[in-house]
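Got the viewer open? Let's take a walk through this one, one selection at a time.

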Amino acid sequence: MYRTHTCGELRGTDDQQTVTLAGWVARVRDLGGVIFVTLRDRYGKTQLVFDPEENPELAADAKRLRAEWVLRVDGNVRKRPDDMINPKMPTGEIEIVVTSIEKLATPDTPPLLPEDEFEPSEEHRLRWRFLDLRRARMQRNLAKRHELAQITRRYFSDLGFMEIETPFLTRSTPEGARDFVVPSRLHHGQWYALPQSPQTYKQILMVAGYDRYFQVVRCFRDEDFRANRQPEFTQIDVEMSFCDPDDVMGVTEGLMKKIFEDQLNVPFPDKVQQMSYDEAIRRFGSDKPDLRFGNELVDLTDLFAGNGFGVIDNTVKAGGRVIGVLAQGQVKSSRKVVGEWESFVKERGLGGLMPLRKVDGNWPGPLGKFIPESNLEQAAELLGMNLESDLAFVAVAPAPRVHEVMGMLRLELAQKFEWIPADKHELLWVVDFPLLEYDEEAKRHVALHHPFTAPDPATYEQYKDSEPTKILSQAYDLVWNGEEVAGGSIRIHDREMQMKMFNLLGMSEEEAKTRFSFLMEALEYGAPPHGGIAFGFDRLVMLITGESSIRDVIPFPKTTQAVALFEGAPGKIDATQFRELGLSPKSDTQN
RNA sequence: GGGGCAGUAGCUCAGUUUGGUUAGAGUAUCGGCCUGUCACGCCGAGGGUCGCGGGUUCGAGUCCCGUCUGCCCCGCCA
């Protein structure tokens, strides 16, 4: 038998028991006589003791133990004297008086010590992932990940949802992110694509009558990566038939309530507030506003325009807006610091940033030069400024870019000056998204959500032929502390409507039929009204564990260059593989 | 695609501003001492392609150019 107990379970009440433990050597503390060894497994750590007076041979052997050796030990549980209890360890009341050791593996010095005090670079951690994953924090994170998957499956199953798998080898579809593609060996010149999400499959499952579907599923997108964006990531994918947005939102809130109450011990709001996309952009410059702090954007256009300030007047005439944001307590910011904030917005496409503040009874800077004092005072009032202590930043630029950038500034200021309370949780639904936006580069409309999102009927009728970007959609995003944790919509279930949507996206009937044949076909044969949502599973786990990087909740993540440092992917393939696939490598990429 | 930061001992970092003797510290490793530690402590030793390539210079970890890797931001990501 390798073990009778794990390294995390023995307590004072187990005193005198004969036990066998197995695990990794975390530390050896050789005091010259008595030797302590901390043994680790994923359940915890337990202290082993070797006393040379009781067993000199065994103690001599224990002296030679090294970090990360794998041991099986027999021994007796001994309750520690009161003054030697380690209150920081769950097993701190006891230790094991070892009677025999079996060394199951005696590795050389490892390149990384998986103890919390050592924090190697991320590159190193990813290169030696199997060692890094031994650390307690990573084991806790992956345990939380497992737990959330279990909660999810239980929750949806109890509500009558079925988990149904959908293919990973599917066909490439236009719209949306770039596909990862896989060459076909049996059909040279043909390619599979890995799904960006199971979107079309879950809609087809609705047509097939599986009226409540969910799946914890991997999705793949070949775009440029960032913090918290991986080429493959996991979604909790949900779809239901005969539902309106409230049904989907209700089901979504139910899972969030479980997460809040059972995982975070945070009360869940009776009613999750809703905010329109338009309002979110106007007030926070973002479609995922962080409501944990104020400093809302304030539109100062009416106060500042028309006073002979050229930049403002000209920009406003061309449709721009003047937007201000409060920076409390910052009235004394130096010219240099203000300049740094200006660089921040300039890097994001604004022309400049003007400080608004009163110093020694004057309003320094360009605003004070052109804008009447009463208007400046009204602006300060609207921004909620305390003129003794506060500063505000003002920018003028075309909307909505000015809102977006000032929203980024708001977040950056909040982070820098620590305005966000650590224990606060703010949830909201963002609704009434535009259905379409105009893509200047492609010279056509593109779907804001995806091309299967149902339009809001009223605005559709009103604007379909005149101003399609004013059509709203039946989409909804759940935002938690400024992070989008779930997003979904009611889908188009009518073939004609779907065809009109493709037309709005600049696709001909023929094109739509070819590219979305299977969906169009399904919509022809009795599609129920349906809708759904998808949660970003990795992000949820990150928020639950309190981690700040998605990579710390994914066992084998990729770098921002989409490289797997541990396995070494992507890698070359050999000439035979090329031949079988009917492909010929460019000379410089062949082995 | 654009920008920022970083790369020095197995690991984490200092040294780069202002070029100049033998590149340091902590930790890990090895040796010695130590009987109640829990990041044990003390003494000592070994350990370096200063990411890589080129350039400037009498002399480069330090300055210049290029390049690779990691992280972060903008764009992108329905």
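Start by selecting T559, which sits in the loop between α18 and α19. Keep in mind as you look around that this is a predicted model. Is T559 buried or exposed? Its relative accessibility is 18%, and because the cut-off for buried is under 20%, T559 counts as buried. Show its surroundings and, setting aside neighbours within four places in sequence, you'll find T559 in contact with L126 and L565.

Stay in that loop and click on A562, which is found between α18 and α19 as well. Check the backbone here: phi of A562 is near 65°, a positive value in a residue other than glycine. With 22% relative accessibility, A562 counts as partly exposed.

Next along this loop is P570, also between α18 and α19. Look at the bond before it: A569 and P570 are joined by a cis peptide bond, with omega about 0°.

Now go back to R551, placed in the loop between α18 (537–545) and α19 (575–581). This arginine counts as buried, at 14% relative accessibility. What does the side chain of R551 make a polar contact with? Draw a distance to the side chain of E122 and you should read 2.6 Å. Apart from neighbours within four places in sequence, R551 is in contact with E122, R129, M138, A227, Q230, P557 and K558.

Step over to R539, in helix α18. At 22% relative accessibility, R539 counts as partly exposed. Put a ruler between the C-alpha atoms of R539 and I550: they are 11 residues apart along the chain, and 6.4 Å separates them. Beyond residues up to four places away in sequence, R539 touches N228, R229, E483, E484 and I550.

One of those contacts of R539 is N228, so pick that next. N228 lies in the loop between β9 (212–220) and β10 (232–241). Its phi is near 65°, a positive value in a residue other than glycine. Is N228 buried or exposed? N228 counts as buried, at 14% relative accessibility.

Time for the RNA. Select RNA strand B and show what surrounds it: 53 residues do, and the closest are E53, R226, L448, H449 and H450. Colour those surface residues by class and you get 16 nonpolar, 16 polar and 21 charged. Which parts of the strand face the protein? Of the strand B atoms within 4 Å of the protein, 58% belong to sugar or phosphate and the rest to bases.

Three backbone spots are worth a zoom:

- At S121, a backbone N or O atom lies 2.6 Å from a phosphate oxygen of RNA strand B.
- At A227, a polar backbone atom is 3.5 Å from a phosphate oxygen of RNA strand B.
- At H450, a polar backbone atom is 3.2 Å from a sugar or linking oxygen of RNA strand B.

To see which elements take part, highlight β1 (18–30), α2 (122–127) and α13, the ones that give two or more residues to the surface near RNA strand B.

Just before α13 there's a stop to make at P400, in the loop between β15 (391–398) and α13 (401–416). A cis peptide bond joins A399 and P400, and omega is about 0°.

Now hide the RNA and head for the largest nonpolar core. Nonpolar side chains tend to be buried together in soluble globular proteins. The largest core here has 64 residues, and F156, M256, F535 and L540 touch the most other members. Which helix gives the most to this core? Select helix α6 (residues 245–264), which contributes seven residues. Then centre on M256: leaving out residues up to four places away in sequence, M256 touches F268, L427, L478, W480, V485, F535 and L540.

For the last stop, show two helices side by side. A pair of packed helices is described by the angle between their axes and the distance between the axes. Helix α15 (residues 495–504) and helix α17 (residues 517–524) pack at about 150°, and their axes are 8 Å apart. On the α15 side, show R495, Q498, M499 and F502; on the α17 side, show M520, L523 and E524, and you have the residues that make the contact. Sorted by class, this contact of α15 with α17 has four nonpolar, one polar and two charged residues.

Methods. Residues numbered from 1 in each chain as written. Chains lettered and ligands numbered in written order. Predicted model: local features only at pLDDT ≥ 70, side-chain atom pairs only at ≥ 80, totals over all residues. Heavy atoms only, no water. Core = buried A, V, L, I, M, F, W, Y, C linked by side-chain atoms within 4.5 Å. Buried < 20%, exposed > 50% of the residue type's maximum accessible area, 1.4 Å probe, protein only. Helix = DSSP H or I, 4+ residues; strand = E, 2+ residues; numbered from the N terminus. Contact = heavy atoms within 4.5 Å. Polar contact = N/O pair within 3.5 Å; in protein donor to acceptor, adjacent residues only side chain to side chain. Axes fitted to C-alpha atoms, helices over the stretch in contact; angles between N-to-C directions. Nonpolar A, V, L, I, M, F, W, Y, C, P; charged D, E, K, R; others polar. Near = heavy atom within 4 Å.
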